[in-house]
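Work through the exercises below with the sequence and the model open. Try each task before reading its solution.

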Amino acid sequence: MPLSESSTDCLHLSGIRYYGYTGALPEEQILGQWFEIDIKLWFDMTQAAASDRLEDTLDYRPLLQAIEQLMQQQRFQLIETLAAAILNLCLAPSQVQRAAVRVTKLAPPVPNFTGQISVEMVRPHAKSP
């Protein structure tokens, strides 16, 4: 699939939830917690829009499987490290020109805190200008 120099086409995968073991506190490493992941992938969708064929676009199912496997099998101290690992998976397909990942701890173990904590990273593909 040909890549445009600067595609503005963007695929959004949002509200993805996986249970994982990322955190600096011992209980986060032992008990784990739920994370929510939002992903944006920029790539040229011109051919897919014209053909209506799955083989002409980015099939995101293998990416979701890889992220699930990462969440289940690896442990990180920092949410930043987890986000970077997910971002690397998102940038692996050659047609992806740019990716953004937001990882959210839905219930961080912080006393008297009822909010969420998120990290967002945006990177171009290594081959992109």
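Buried means under 20% relative accessible area, exposed means over 50%, and partly exposed lies in between (1.4 Å probe, protein chains only). Helices (H or I, at least four residues) and strands (E, at least two) are DSSP runs, numbered from the N terminus. This is a predicted model, in which local features need pLDDT of at least 70 and side-chain atom pairs count only at pLDDT 80 or more, while totals for chains, interfaces and linings use all residues. Residues are numbered from 1 along each chain as its sequence is written, and side-chain values use heavy atoms, with hydrogens and water left out.

**Exercise 1.** Find the order of the strands in the sheet, and state which strands stand at the edges.

Solution. Two strands pair if DSSP finds at least two bridges between them. Step 1: the order is 3-1-2-4-5, in an open sheet of 5 strands with mixed pairing. Step 2: strand 3 (75–76) and strand 5 each have a single partner strand, so they stand at the edges and one side of each has no neighbour in the sheet. Step 3: strand 1 (residues 10–22) pairs with strand 3 in the parallel sense, over 2 bridges. Here Y21 stands opposite R75 of strand 3.

**Exercise 2.** Explain why strand 4 is described as largely enclosed by the rest of the structure.

Solution. Step 1: take the 8 residues of strand 4 (residues 98–105); 6 of them are buried, so the strand is largely enclosed by the rest of the structure. Step 2: look at its partners. Strand 2 (residues 33–42) runs antiparallel to strand 4 and is joined to it by 8 bridges; L41 stands opposite A99 in strand 4. Strand 5 (residues 117–124) is also antiparallel to strand 4, again with 8 bridges, and P124 in strand 5 is the bridge partner of R98. Step 3: look for a helix. Helix 4 (residues 79–90) lies across strand 1, strand 2, strand 3, strand 4 and strand 5, at about 145° to strand 4. Contact here means heavy atoms within 4.5 Å; axes are lines fitted to C-alpha atoms, for helices over the stretch in contact, and angles run from 0 to 180 degrees between N-to-C directions.

**Exercise 3.** Compare the surroundings of Q33 and E36 in strand 2.

Solution. A polar contact is a pair of N or O atoms within 3.5 Å; within protein, one must be able to donate a hydrogen and the other to accept it, and residues adjacent in sequence count only if both atoms are side-chain atoms. Step 1: Q33 counts as buried because its relative accessibility is 7%. Step 2: its side chain makes a polar contact of 2.8 Å with the side chain of E28. Step 3: E36 is buried too, at 17% relative accessible area. Step 4: the side chains of E36 and R17 are joined by a polar contact of 2.9 Å. Not counting residues up to four places away in sequence, E36 touches several residues, including R102, V103 and T104.

**Exercise 4.** Why do C10 and C90 not form a disulfide?

Solution. Step 1: a disulfide is a pair of cysteine sulfur atoms within 2.5 Å. Step 2: the cysteine sulfur closest to that of C10 belongs to C90 and is 11 Å away, which is too far for a bond. Step 3: the structure holds 0 disulfides. Step 4: C10 is partly exposed, with a relative accessible area of 23%, whereas C90 is buried at 0%.
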